[in-house]
Amino acid sequence: MTNKKVIAVFGATGAQGGSVARAILESKKFAVRALTRDVTRPKALLLRDLGAEVVKGDLNDEASVEAALKDAYGAFVVTNFWDHFSKEKEVCQGKLVADYAKRLGLKHVVYSGLENVKRLTGGKLEVEHFDGKGEVEEYFWSIGVPMTSIRLAAYFENFLTIWKAMKASNGDYYTLALPMGDIPMDGISVADVGAVTSSIFNSPAEFLGKAVGLSAEALTVQQYADVLSKSLGKEVRDAKITLEAYEKLGFPGAKEMADMFRFYRMKPDRDVKLTHRLNPKVKSFSQFISENQGALMGI
């Protein structure tokens, strides 16, 4: 058995948790306890092959959260609002981990948080998938858990799915419909979060008690479109959609997403320089797109 200190990684077969588990294993400074609801999944077995202890862990099950954190030095905690679309449930899960982290004396928790937009804007904007995480951040610190919050910029991965360029109805070009006007929007690949988090665990003195905004770079919608044009070999333009028009698109969560873009327009604190220091290999949007050419070609 190893004598390395153990970091429990929640959501270890998901995008963020998987990236973090692999990066910590690679750095070889800590042992990884990878938590997942299904230990037989191929991604779980792969982590076991890489040297992680793979354990069943469920944020809705108190006993499994306690077992997951027992004798651990630290934890990486990520909750998924989109699993259930419930801010209350996300807050409950986060607070449960915080309570056990306090009770069991964890020395460093890295929580994948975000701003409490509703509180920051005096109720003018409501972005539930941010607000719940903001509440959990505040709770961790209020009960005295040694915690660093990482606040991720928009995922580059979204440009392959929910934000992909759409063929214009009246022409031979494509459009990108993000209501940012000419204001640059920060972005990062979720795959690059692991190395950043690993660096934070390696430097507790610098990061305990802090919120760290992560971004690979900030581009305008037209600049994102230009990168896509180059890669696709097809013209992609900024659709120049307004916030009001975006809100009326009628998909589930359109109002919430419009409020998120309103918040992005206020330029929340995302530190490109620090992100590059913590992960010198962090990918630009252009690098990300060229590595994901296959996924784009479906467009």
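**Exercise 1.** How many bridges join β1 to strand β2 (residues 31-36), and in which sense do the two strands run?

*Solution.* This is a predicted model, in which local features need pLDDT of at least 70, side-chain atom pairs count only at pLDDT 80 or more, and totals for chains, interfaces and linings use all residues. Residues are numbered from 1 along each chain as its sequence is written, and side-chain values use heavy atoms, with hydrogens and water left out.

Step 1. Strands (E, at least two residues) and helices (H or I, at least four) are DSSP runs, numbered from the N terminus. Two strands pair if DSSP finds at least two bridges between them.

Step 2. β1 and β2 are joined by four bridges and run parallel. Within β2, A31 is the bridge partner of V6.

Step 3. From β1 (residues 6-9), V6 and A8 point one way, I7 and V9 the other way, and all are buried. Buried means under 20% relative accessible area, exposed over 50%, and partly exposed in between, with a 1.4 Å probe and protein chains only.

**Exercise 2.** Place β1 in its sheet, and state which strands stand at the edges.

*Solution.* Step 1. The sheet is open and has seven strands, in the order β3-β2-β1-β4-β5-β6-β11, with parallel pairing.

Step 2. β3 (53-56) and β11 (211-214) each have a single partner strand, so one side of each is left without a neighbour in the sheet. From one strand to the next the twist averages 20°.

Step 3. Strand β4 (residues 74-77) is joined to strand β5 (residues 108-113) by four bridges. A75 of this pair has V109 in β5 opposite.

**Exercise 3.** Describe how α3 lies on strands and against α4.

*Solution.* Step 1. α3 lies across β1, β2, β3 and β4, and runs at about 170° to β2. Axes are lines fitted to C-alpha atoms, for helices over the stretch in contact, and angles run from 0 to 180 degrees between N-to-C directions.

Step 2. The axes of α3 and α4 are 10 Å apart, at an angle of about 45°. The two helices are therefore oblique to each other; angles under 35 degrees count as roughly parallel, over 145 as roughly antiparallel, 65 to 115 as roughly perpendicular and the rest as oblique.

Step 3. On the α3 side, E62, V65, E66 and L69 meet L96, V97, Y100 and A101 of α4, where contact means heavy atoms within 4.5 Å. This contact has six nonpolar, no polar and two charged residues. Ala, Val, Leu, Ile, Met, Phe, Trp, Tyr, Cys and Pro count as nonpolar, Asp, Glu, Lys and Arg as charged, and the others, Gly among them, as polar.

Step 4. S64 also lies in α3 (residues 62-69). S64 counts as buried because its relative accessibility is 13%.

**Exercise 4.** What is the relation of α4 to α6, and which classes of residue make up their contact?

*Solution.* Step 1. Helix α4 (residues 87-103) and helix α6 (residues 128-142) have axes that come within 9 Å and cross at roughly 20°. α4 and α6 are therefore roughly parallel to each other.

Step 2. The residues of the contact of α4 with α6 divide into six nonpolar, three polar and eight charged.

**Exercise 5.** Give the strand order of the open sheet of three strands.

*Solution.* The order is β7-β10-β12, with mixed pairing. β7 and β10 (residues 185-188) pair in the parallel sense over two bridges, and G187 in β10 is the bridge partner of A154.
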